[in-house]
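This report describes one protein chain for a reader who is new to structural models. Please view the sequence and the structure before reading on.

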Amino acid sequence: MRRQKQSKKASNGTSTTVKSNERGVKYKECRKNHAANIGGYAVDGCREFMASGEEGTTAGFVCAACNCHRNFHRKEIETENYFDCSSNSTTNK
């Protein structure tokens, strides 16, 4: 897992930290245009990427259902975001 941390300063001097934990990547429907060479638009209807081989091999980048490369499939990144709002200012009462 990879963590990303971003800090932002608000106009009132408080800082907000947004942390994102990358949980996983899924490849959804195929977007390859099979009719591009004749000026049309047609997709094959493949709903989700299924690897033809083991991860890390060249066959792992080819979809078993539509025989397209993984890059033709829509990439969906699952993340978990949480906010850490801390104030740098003090309050006088």
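## Confidence in the model

Over residues 1–10, pLDDT (the predictor's confidence in each residue, from 0 to 100) stays under 50, and the model has 23 contacts for them beyond four places in sequence; contact means heavy atoms within 4.5 Å. Residues 14–22 also have pLDDT under 50, with 49 such contacts.

This is a predicted model, in which local features need pLDDT of at least 70 and side-chain atom pairs count only at pLDDT 80 or more, while totals for chains, interfaces and linings use all residues. Residues are numbered from 1 along each chain as its sequence is written, and side-chain values use heavy atoms, leaving out hydrogens and water.

The chain has a mean pLDDT of 77, and 61% of its residues reach 70 or more. Among its elements, strand β1 (residues 3–9) has the lowest mean pLDDT, 46, and strand β3 (residues 73–86) the highest, 78. Strands are DSSP runs (E, at least two residues), numbered from the N terminus.

## The nonpolar core and His-73

The largest nonpolar core consists of seven residues: Tyr-27, Cys-30, Cys-46, Phe-49, Cys-63, Cys-66 and Cys-68. Such a core is a set of buried Ala, Val, Leu, Ile, Met, Phe, Trp, Tyr and Cys residues joined through side-chain atoms within 4.5 Å. Buried means under 20% relative accessible area, exposed over 50%, and partly exposed in between (1.4 Å probe, protein chains only).

Beyond four places in sequence, the contacts of Phe-49 include Tyr-27, Cys-63 and His-73. His-73 lies in strand β3 and is buried, with a relative accessible area of 4%.

## An exposed loop residue

Asn-67 is found in the loop between β2 (15–30) and β3. Its phi is positive, about 65°, although Asn-67 is not a glycine. Asn-67 is exposed, with a relative accessible area of 62%.

Key
Helix = DSSP H or I, 4+ residues; strand = E, 2+ residues; numbered from the N terminus.
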